[in-house]
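Here are some short exercises for getting to know a new structure. Try each task by yourself before you read the worked solution.

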Amino acid sequence: MITIRPVDMDNIKTHHAWNNDPELNYFDSDFPLDMEPISSFRQRMQEMLNDPNSGILILEIHHEADQKLIGIVDIHGIDPINKRCIIECTIADRSYQNQGYGTAAFRDAVRFSFEELGMNKVMSAAFDFNEKWIRILKNHGFTLEGTLREHALKNNEYADKLIFSILKSEFVDSEHFQMSVS
């Protein structure tokens, strides 16, 4: 269905376009859209990718059948001491949205975080209006930990940001993740 692999800087123009997309920004960012020039975006991406201590891992989602880049997985806030991280997942190519690719990428990213990165806790967040993402999180055994009230201004109204998590022990026992942790 999909493959997830490291960012290829040859795809920087696509990533830049997604970074400057108003609809994607609305659902994904705490901050208003800032049309960042490609030169500064390229430099910022390169610095993140080259810094092993950044606590950020950005991966590309590719559609297996045609190998087309369709989205990104952002694993950030990687904390090797407390063994926790935050996952964000976006199918940015609209022609591939609402077909289960984002859910598949999210499952793979959660598995990767527990099985490869050795995390004990994986978190994700959703604005209160993003019912689809909230449903995905709940359906995968994530628990609502809290609410950041009136966290971001969206369309001239404040939106709450909901924080969800799943623990390694819950992941191991989850029917939604059909792989076991060793």
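**Exercise 1. Find the partner of R111 in a salt bridge, and decide whether each of the two residues is buried or partly exposed.**

Solution. Keep in mind that this is a predicted model.
- Step 1: Look for the nitrogen and oxygen atoms that come together. R111 pairs with D108, and their closest N and O atoms are 2.9 Å apart. A salt bridge needs the two atoms within 4 Å, so the pair qualifies.
- Step 2: Place the pair in the fold. Both R111 and D108 belong to helix 4 (residues 101-115), where three residues, about one turn of the helix, separate them.
- Step 3: Check the accessibility. R111 has 13% relative accessibility and is buried, because buried means under 20%. D108, with 31%, is partly exposed.

**Exercise 2. Which residue forms a salt bridge with E145, and where in the chain does each partner lie?**

Solution.
- Step 1: The partner is K121, with 3.0 Å between the closest N and O atoms.
- Step 2: This pair connects distant parts of the chain, since E145 sits in strand 6 (residues 143-154) and K121 in strand 5 (residues 121-127), 24 residues apart.
- Step 3: E145 has a relative accessible area of 45%, which makes this residue partly exposed.

**Exercise 3. How many salt bridges does the whole structure have, and which residues are joined into one network?**

Solution.
- Step 1: Searching the whole structure gives seven salt bridges.
- Step 2: One of them joins the side chains of R84 and D79, at 3.4 Å from N to O. Here R84 is partly exposed at 35%, while D79 is buried at 15%.
- Step 3: Follow the shared partners, and D21, E23 and R94 turn out to be linked in one network of salt bridges.

**Exercise 4. Describe the largest pocket: what is its volume, and which residues lie nearest its centre?**

Solution.
- Step 1: The volume of the largest pocket is about 890 Å³.
- Step 2: Its lining consists of 27 residues, and N19, S29, R44, D74 and E88 are nearest the centre.
- Step 3: Sort the lining by class: 13 residues are nonpolar, six are polar and eight are charged.
- Step 4: Ask which element contributes the largest share. That is helix 3, with four residues.

**Exercise 5. Now do likewise for the second largest pocket: which element gives the most to its lining?**

Solution.
- Step 1: The second largest pocket has a volume of about 690 Å³.
- Step 2: It is lined by 30 residues, with C89, T90, N130, K132 and W133 closest to its centre.
- Step 3: Strand 4 gives the most to this lining, six residues.
- Step 4: By class, the lining of the second largest pocket holds 13 nonpolar, 11 polar and six charged residues.

**Exercise 6. Which residues have the most contacts inside the largest nonpolar core, and which element supplies its largest share?**

Solution.
- Step 1: Recall a general tendency: in soluble globular proteins, nonpolar side chains tend to be buried together.
- Step 2: The largest nonpolar core contains 30 residues, and I61, V73, I87, F106, V110, V122 and F142 have the most contacts inside it.
- Step 3: Helix 4 supplies the largest share of this core, seven residues.
- Step 4: Zoom in on V73. Leaving out residues up to four places away in sequence, V73 touches several residues, among them I4, L57, I61, I87 and A109.
- Step 5: Finally, a second, separate core has six residues, including V7, I12, F41 and I58.

Methods. Residues are numbered from 1 along each chain as its sequence is written. This is a predicted model: local features need pLDDT of at least 70, side-chain atom pairs count only at pLDDT 80 or more; totals for chains, interfaces and linings use all residues. Side-chain values use heavy atoms; hydrogens and water are left out. Buried means under 20% relative accessible area, exposed over 50%, partly exposed in between (1.4 Å probe, protein chains only). Helices (H or I, at least four residues) and strands (E, at least two) are DSSP runs, numbered from the N terminus. On a 1 Å grid over the protein atoms alone, a cavity is a set of points where a 1.4 Å probe fits but cannot get out, and a pocket is an open set with protein on both sides within 12 Å along at least five of seven lines; lining residues have an atom within 4 Å of a point. Grid points are joined across faces, edges and corners, and a volume is the space filled by probe spheres set on the points. Ala, Val, Leu, Ile, Met, Phe, Trp, Tyr, Cys and Pro count as nonpolar, Asp, Glu, Lys and Arg as charged, and the others, Gly among them, as polar. A nonpolar core is a set of buried Ala, Val, Leu, Ile, Met, Phe, Trp, Tyr and Cys residues joined through side-chain atoms within 4.5 Å. Contact means heavy atoms within 4.5 Å.
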